[in-house]
Structure formats: C-alpha cells, structure tokens
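The exercises below are meant to be worked through with the sequence and the model side by side. Try each task before reading its solution.

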Amino acid sequence: MKNTLHTKFSKALVTGASTGLGEGFVQMLLEEGLEVWGTSRQAENMPIRDGFHPVELDLSDKDSLENFRAKYLCDGPSFDLVINNAGYGVFFPFEKFPHEEISGQIDVLLSGPIKICREVYGGMLRRGHGTLVNVSSLAVEFPLPYMSLYNTAKSGLSAFSRSLMMESRNTGVTVIDFRPGDFRTSFNAAMKRDLALVEETPQLSAAWDALERMLNSGPSVDIAVRRLRKTLLKPRSATVRTGRFFQAIFAPFISRFLPRDTILWFLRRYYGLR
Ligand SMILES: NC(=O)c1ccc[n+]([C@@H]2O[C@H](COP(=O)([O-])OP(=O)(O)OC[C@H]3O[C@@H](n4cnc5c(N)ncnc54)[C@H](OP(=O)(O)O)[C@@H]3O)[C@@H](O)[C@H]2O)c1
C-alpha cells in the first residue's frame, strides 16, 4: 500500500496558506486526504475547496491572534499537524530599520509561531501523537544583509525548534526545523523596503539585485513540498534543508570546514558589499 500522510495525520493547520510555500503545503495535504485549516490576513480571498477551511489570522495583530487562539486552538479541532509557515521580510540597513518592524518581524516570525506551538503542544503530548513544523530559513546558516531582524527571528525559531526536539523525544510528538533556501514565491514582492533608498544606495541596491536574482532563479515550491511530505512520513524530529543543490546541500556541507569569518567574507562578496 502507498505510504500516505492520511494514515498518520487527520487535521492540519497551515499558517500563511494563501500563496507560495504555504499554498503548496495545503494542496499536498488535501491531496493526501487530510482536513486542512489554512490562514491568511484575507481569508475571504482563498479558494473554497473540499476539506479546506480558510481562517483569518494576522500574526502582527494581538487581537487577531487572540481570536484565532480562542476559536481554533483552545476550542477548535485537535490538530495533529501544525505548520508555522506565515512570514514576510523587511529589507533596510539597520540604522534606518523602521522601529515598528522590529516587533513586526519578531511577532510574525518568532513569537506568533511559538505561541501557536504552546497552545497545541500539550494536547499533542497527551495524545502521544503530533508534528510541529516551523518554517525557518537557510538564512540561519548564511545571513542575508539588510535583513537583520529576519535573520534574528528565524535563528530564534530554529533554536526554539531544536530545544523542543530534545524535550519531545520519545513522546510520539515530532518537531521539524524546516529551512528553505530560495524558492520562487511572492516573498520578495511582499518585502517591506524603501524603494528610493534602495535605488540611491549602491550597496543596498547591489544586495537587493542579488536577492532578486536568487529568488527569481530559485526552484518552484514543489521541491519544498515534496521534501516536507517525505519528512512527515518519517517518525523522527529533524532539521531539514531544502532548495537547489548548491544552497541546501553543497554550501551547508562545505561551510562545516570553513571558519565563520571566511563564510561571511564570501557572503559579503556575493552581495556586492565592500
Ligand atoms: N521563498 C523563499 O525563498 C523562502 C526562503 C526561506 C524561508 N522562507 C519562509 O517561508 C515562509 C513562506 O514564505 P513564501 O516564500 O511562501 O512567501 P509568500 O509567498 O510571500 O507567502 C507568505 C505567506 O505568509 C502570510 N503572511 C504574511 N504576513 C503575515 C502576517 N502578518 N500574519 C499572518 N500571515 C502573514 C501571507 O498571507 P496573506 O498575505 O494572505 O495574509 C502568505 O500566505 C515564510 O516564513 C518565509 O520566511 C521563504
């Protein structure tokens, strides 16, 4: 019999389900026969499909998170698979970083996912079954310039996942620290940045061009979706890197043998920084 996720999971929550990776995860889970709750800040724009429940959630808004918590986490379905995927980036030199985006990045990329895990983890432990997937980034290993708060939040999320992996060992609950490289999604289009500032600042402009080049030449989300499916079929917690060969396999391997300063030197050159 074909190994399907349906034999392991029945109810999944995916945050940031409207586009990109999240949309791909939802599609795959529905095809596998799961019932899926998917979030967006504009849930009404998501397509109506069998087995799919669109849910409103803005992780940067306390009231929205509280409503979501009360309705879907305290009192709702017992999720046995939760994918914390929602996210966006902010691209600014740190001295000009918008103050409100410091908490914005931390709320959406770090505190929000941790609060969601806090609500569902206890139930999973009691039932002796469940998987938490926290979508982090390869930026944790290879930092992106001018995205310091993004790097900070994703590094925190990976650190959180790895701690939870230790706590949950032998409980039936697994934790996946999922680290994508560049994938062709709306991520850069949704990036908060100051267009004029980027254009008038050569270093910023060079770094932005490199980010755009990498994202636009990145693979489609199918690769990440297939990688997640394969990971979910295994009974173990894991740190998973996904993306093109160079980013997800070669660079993490070779970087083990290089001093951190050498890696930063390469990255600075890559992004056109002096
Ligand atoms: N694409 C890449 O190369 C890449 C690489 C590494 C990591 N990642 C990570 O992968 C995840 C998905 O990104 P993506 O590439 O698929 O980007 P995307 O296409 O821009 O999708 C982002 C999703 O997050 C949701 N979202 C944005 N801000 C939100 C907020 N304040 N509250 C709740 N939801 C919010 C969006 O939903 P609405 O706009 O409908 O609300 C959307 O569904 C992110 O965590 C990202 O950091 C992506």
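A residue counts as buried when its relative accessible area is under 20%, as exposed when that area is over 50%, and as partly exposed in between. The model used throughout is a predicted one.

**Exercise 1. Decide whether Asn 84 is buried or exposed, and describe its surroundings.**

Solution. Begin with the location: Asn 84 belongs to strand β4, which covers residues 81-84. Next, take its relative accessible area, which is 3%; because buried means under 20%, Asn 84 is buried. Then look at what it touches once residues up to four places away in sequence are set aside, and you find Thr 15, Pro 113, Ile 116, Cys 117, Val 133, Asn 134 and Val 135. Finally, compare sequence with space: Asn 84 and Asp 107 are separated by 23 residues along the sequence, and their C-alpha atoms are 13 Å apart.

**Exercise 2. Work out which class of exposure applies to Lys 11, and list its contacts.**

Solution. Lys 11 is part of strand β1, residues 11-14. Its relative accessible area is 27%, and since this value falls between 20% and 50%, Lys 11 is partly exposed. Leaving out neighbours within four places in sequence, Lys 11 is in contact with Glu 35, Trp 37, Pro 77, Ser 78, Phe 79, Asp 80 and Leu 81.

**Exercise 3. Find the residues that touch the most other members of the largest nonpolar core, and say which helix gives the most to it.**

Solution. The largest nonpolar core holds 54 residues, and those touching the most other members are Phe 68, Phe 91, Ile 116, Leu 211 and Tyr 271. Several elements supply at least two residues each to this core, including α2 (62-74), α3 (99-127), β7 (173-180) and α6 (202-216). Of the contributors, α3 gives the most, with eight residues. A separate core of 29 residues lies apart from this one, and among its members are Leu 21, Met 28, Leu 29 and Phe 183.

Now follow one of the core residues outward. Beyond its neighbours within four places in sequence, Tyr 271 is in contact with several residues, including Pro 143, Gln 203, Ala 207, Leu 211 and Met 214. Ala 207 sits in helix α6, and at 1% relative accessibility it counts as buried. Seen from Ala 207, with the same kind of neighbours left aside, the contacts are Phe 91, Pro 145, Tyr 146, Tyr 271 and Leu 273.

**Exercise 4. Describe how the ligand is held by its shell, naming the residues that come nearest and the polar atoms that face its oxygen atoms.**

Solution. Start with the shell: 30 residues surround the ligand, and Ser 18, Ser 40, Arg 41, Tyr 150 and Thr 185 come nearest. By class, this shell has 13 nonpolar, 13 polar and four charged residues. Helices α1 (20-31) and α4 (148-167) each supply at least two of the shell residues.

Then turn to individual atoms. A polar side-chain atom of Lys 154 is 2.9 Å from an oxygen atom of the ligand, a backbone N or O atom of Gly 16 is 3.1 Å from a ligand oxygen atom, and a polar backbone atom of Phe 183 is 2.8 Å from an oxygen atom of the ligand. As a last step, consider the cover: on its own the ligand has 900 Å² of accessible area, of which the protein covers 94%.

Note on methods
Residues numbered from 1 in each chain as written. Predicted model: local features only at pLDDT ≥ 70, side-chain atom pairs only at ≥ 80, totals over all residues. Heavy atoms only, no water. Near = heavy atom within 4 Å. Polar contact = N/O pair within 3.5 Å; in protein donor to acceptor, adjacent residues only side chain to side chain. Areas by Shrake-Rupley, 256 points an atom, 1.4 Å probe, with all protein chains shown as cover. Helix = DSSP H or I, 4+ residues; strand = E, 2+ residues; numbered from the N terminus. Nonpolar A, V, L, I, M, F, W, Y, C, P; charged D, E, K, R; others polar. Core = buried A, V, L, I, M, F, W, Y, C linked by side-chain atoms within 4.5 Å. Buried < 20%, exposed > 50% of the residue type's maximum accessible area, 1.4 Å probe, protein only. Contact = heavy atoms within 4.5 Å.
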